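Trainee: Please take me through the cysteines of this structure, starting with one end of a disulfide. Then carry on to the packing elsewhere in the chain.

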Amino acid sequence: MPKNSKVVKRELDDEVIESVKDLLSNEDSSDDAFKKSELMVDDQEEKDVDVEEGSDVEDERPAWNSKLQYILAQVGFSVGLGNVWRFPYLCQKNGGGAYLVPYLILLLIIGIPLFFLELAVGQRIRRGSIGVWNYISPKLGGIGFASCVVCFFVALYYNVIIGWSLFYFSQSFQHPLPWDQCPLVKNVSHTFVEPECEKSSATTYYWYREALNISSSLSESGGLNWKMTICLLAAWVMVCLAMIKGIQSSGKIMYFSSLFPYVVLLCFLIRGLLLNGSVDGIRHMFTPKLEIMLEPKVWREAATQVFFALGLGFGGVIAFSSYNKRDNNCHFDAVLVSFINFFTSVLATLVVFAVLGFKANIINEKCVIQNSEKILKLLKIGNLSQDMIPHHINFSSITAEDYNLVYDIIQKVKEEEFDSLGLKSCQIEDELNKAVQGTGLAFIAFTEAMTHFPASPFWSVMFFLMLVNLGLGSMFGTIEGIITPIVDTFKVRKEILTVICCLVAFFIGLIFVQRSGNYFVTMFDDYSATLPLLIVVILENIAVTRIYGIDKFMEDLKDMLGFSPSQYYYYMWKYVSPLVLLCLLVASIVQMGLSPPGYNAWIEDTATEEFHSYPTWGMVVCILLMVLAILPVPIVFMVRRCNLIDDSSGSLASVSYKRGRIIKEPVNLEGDNTSLIHGKSPSEVPSPNFGKNIYRKQTGSPTLDTAPNGRYGIGYLMADMPDMPESDL
């Protein structure tokens, strides 16, 4: 600060205090509420700090070291395992290349606007999800608590998937890979292939029996799987060490965890394009099926994917953006991260179907060889005539095209007897149509394809290291969505809270590393996040556009960004996005009601999956997951609506935020929304309506005298003074 600036500042502060005293002294005696309000004028340097109530110790709020670090953190959070094993499946299932059209439309309608909204409120108010929604409306403060609960539920099972990836990563340093061949079983007389493996496949057997050692039902616990327990512990230790210092530690790791997956995907794409059959897979992937695009189910699944791909409602987006400077261009960030997410999904889809095309080609070649041998046997025993076979066909080196030609001829000639011949149509499209999602894609289909790669252990190490990094990037955002709001609200030490959170999550997560743990992962994935997050985001939209006010929010954005956002966002936030979200919520409830609640159990005797309905206690758990996730919203609303908790102790309802400072508000006003700082306009409270001349706005200093909610509140009254640089204030 310039010389004697502190003296100047103290004099200015004295003038502010005197001017406010004059205003208060002229108040009407009947205005008790206004007189009871408190004003705290801070005599400290103007900087973004958090001051604990009743303490003179300042704790500077952390900030990103660079804009790149922040973008990588947001990209790492939004780009996760779903981009690799969910988006390609949906694309293949819902019309191939045609699926990209509804996805892009919904990305523009709900994805980017809602992502922009969360970035903006986090950056403006500079708090986690609890502080943000409590600031906008204390009665809706439960939105932030609900986000934390959902984040915790998701973190419980999401880290289990990272543990699975760590297990496969540790097993990939072998040649041949342990899932390359079915194991042999020896008895007294002879050696034979493991029956369960022979009925399925080597990779399927390894996943269900060696990795998970899965039980046959949800009710059959089977005890802990010690290998996966160790991997889960390792995953939580990694998360804890990365998050223990907040963004100071996790931000640096983002350089690797966010960028490494792109290196692996590009390497896989280049390698995949050189494989035989990869072009068939990509062609199959992007061949548009326009008739499917018109089905409502396609739009519902596209909207759900857009919603979860960007991490809306988790609180991680708000937490990360709260560490930004106020003048950061969050609109640019929202568009950039959204399209990076989309192009990552397309890149992953290219990789997946290039590899699956190669795998399908290998399976198709085996099919052709096996069925050609059947045809030769039928020719020898006289069931088929040699005259049917074209002269240029050589069964010793037959191609897929030649086999399909012979197959069609035999099918036409032996139309009545054809089924009894036992011949199969070896079409590569049939294999590609069997594309799977989730763990089936990553731990079965993809691993099987990699066994046919030259130097397969190297590619396996790279693939599972990529999955670990993708998972960790998302976990950092998920845990940040828990830690940041609690630290901001209850002022606990971040290091202690992080360790406690990870320990509790590990011990609860032991239910996922039982032999029946995979079924619990499916349960949590289906019921703990979908409906609660939709409700959370709908309430977020309503809180900003209806409770806070869309016009005031647009003014805030103009003040914060330095330019007015497009009116496109105004209409999206106010009309289109809430309507689309409500339709998605109704469609999800209907879909959940029509689909019988259950899971696919692995049956050892048949080596196949079999659908089982949840037992009664399982249904209770499913319902409890949804209820517990959204329960904080009505509880907080009723507590604050009915004033069930005394705010004199300094609870959330009596705290507001100004550029990182806590300002104590009146605690005994009528209702909890009557504070000027909480945004009521002068006409809505009993206090007089001051003239605009007392709100002296300084030129070139848009954030100095403007409240975080975009309205000039009592904590921002400025005396009539000459303009001066913000650094001097």
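**Cysteines and packing**

Mentor: Cys-182 counts as partly exposed, at 23% relative accessibility. The model is a predicted one, and every value below is computed from it. The partner of Cys-182 is Cys-197, with an S to S distance of 1.9 Å. That distance satisfies the cut-off used here for a disulfide, sulfur atoms within 2.5 Å. The torsion about the S-S bond of Cys-182 and Cys-197 is about -80°, so this disulfide is left-handed. Cys-182 sits in the loop between α8 (142–171) and β3 (184–186), while Cys-197 belongs to helix α9 (residues 195–199), so the bond ties together parts 15 residues apart in sequence. The two ends can be set side by side: Cys-182 is partly exposed, whereas Cys-197 is buried, with a relative accessible area of 1%.

By the same rule, the count of disulfides is two. The other one joins Cys-367 to Cys-426, again with S to S at 1.9 Å. Its torsion is about -75°, so the disulfide of Cys-367 and Cys-426 is left-handed. This pair links distant parts of the chain: Cys-367 is in helix α17, and Cys-426 is in the loop between α19 (418–421) and α20 (428–432), 59 residues away. Cys-367 and Cys-426 are both buried. If the bonded cysteines are numbered in sequence order, the pairing reads 1-2, 3-4.

Two further cysteines can be placed by accessibility. Cys-267 has a relative accessible area of 30% and is partly exposed. Cys-583 is also partly exposed, at 48% relative accessibility.

The number of Cys-583 places that residue within the range of helix α26, residues 567–594. Helix α26 has 28 residues and reaches 39 Å from its first C-alpha to its last, close to the 40 Å expected at 1.5 Å a residue. The helix nevertheless has a kink of about 50°, centred on Trp-573. Trp-573 is itself one of the buried residues of α26, among them also Tyr-569, Tyr-570, Met-572 and Lys-574. Further along α26, the buried residues include Ser-577, Pro-578, Leu-581, Leu-584, Leu-585 and Ser-588. Their cover includes α6 (100–125), α15 (296–309), α17 (330–381) and α25 (530–561). Helix α17 therefore appears twice in this account: α17 helps to cover α26, and α17 holds Cys-367.

Helix α9 leads on in a similar way. It holds Cys-197, and the buried residues of helix α10 pack against it, as well as against α8, α11 (226–243), α21 (438–450), β5 (598–603) and β6 (608–613). Helix α10 (residues 202–211) is mostly covered, with nine of its ten residues buried. Among the buried residues of α10 are Tyr-205, Tyr-206, Trp-207, Tyr-208 and Arg-209. Just after α10, Asn-213 has a positive phi of about 45°.

Rings are the next topic. Over the whole structure, the search finds 55 aromatic pairs. One of them is Phe-77 with Phe-320, an edge-to-face pair with 6.3 Å between the centres and 85° between the planes. This pair spans distant parts of the chain, since Phe-77 is in helix α3 (residues 67–78) and Phe-320 in helix α16 (residues 316–321), 243 residues apart. Phe-77 is buried, with a relative accessible area of 6%, and Phe-320 is buried at 0%. For Phe-520 and Trp-617, the ring centres are 6.2 Å apart and the planes are at 35°, so that pair is tilted. Phe-520 lies in helix α24 (residues 517–527) and Trp-617 in helix α27 (residues 616–630), so the contact ties together parts 97 residues apart in sequence. Phe-520 counts as buried at 10% relative accessibility, while Trp-617 is partly exposed at 39%. A ring can also face a charge: Arg-271 lies over the face of Phe-453, 5.9 Å from the ring centre.

Helix α16, which holds Phe-320, also contains Ala-319. Ala-319 is buried, with a relative accessible area of 0%. Leaving aside neighbours within four places in sequence, Ala-319 is in contact with Glu-480, Gly-481 and Thr-484. Ala-319 and Ile-130 are 189 residues apart in sequence, and their C-alpha atoms are 9.8 Å apart in space.

Definitions and conventions: Residues are numbered from 1 along each chain as its sequence is written. This is a predicted model: local features need pLDDT of at least 70, side-chain atom pairs count only at pLDDT 80 or more; totals for chains, interfaces and linings use all residues. Side-chain values use heavy atoms; hydrogens and water are left out. Helices (H or I, at least four residues) and strands (E, at least two) are DSSP runs, numbered from the N terminus. The expected span of a helix is 1.5 Å times one less than its number of residues. The bend at a residue is the angle between axes fitted to the seven residues ending there and the seven starting there. Buried means under 20% relative accessible area, exposed over 50%, partly exposed in between (1.4 Å probe, protein chains only). Contact means heavy atoms within 4.5 Å. Rings of Phe, Tyr and Trp (its six-membered ring) pair if their centres lie within 6.5 Å; planes under 30 degrees apart count as stacked, over 60 as edge-to-face and the rest as tilted. A charge sits over a ring if NZ of Lys or CZ of Arg is within 6 Å of the ring centre and within 35 degrees of the ring normal.
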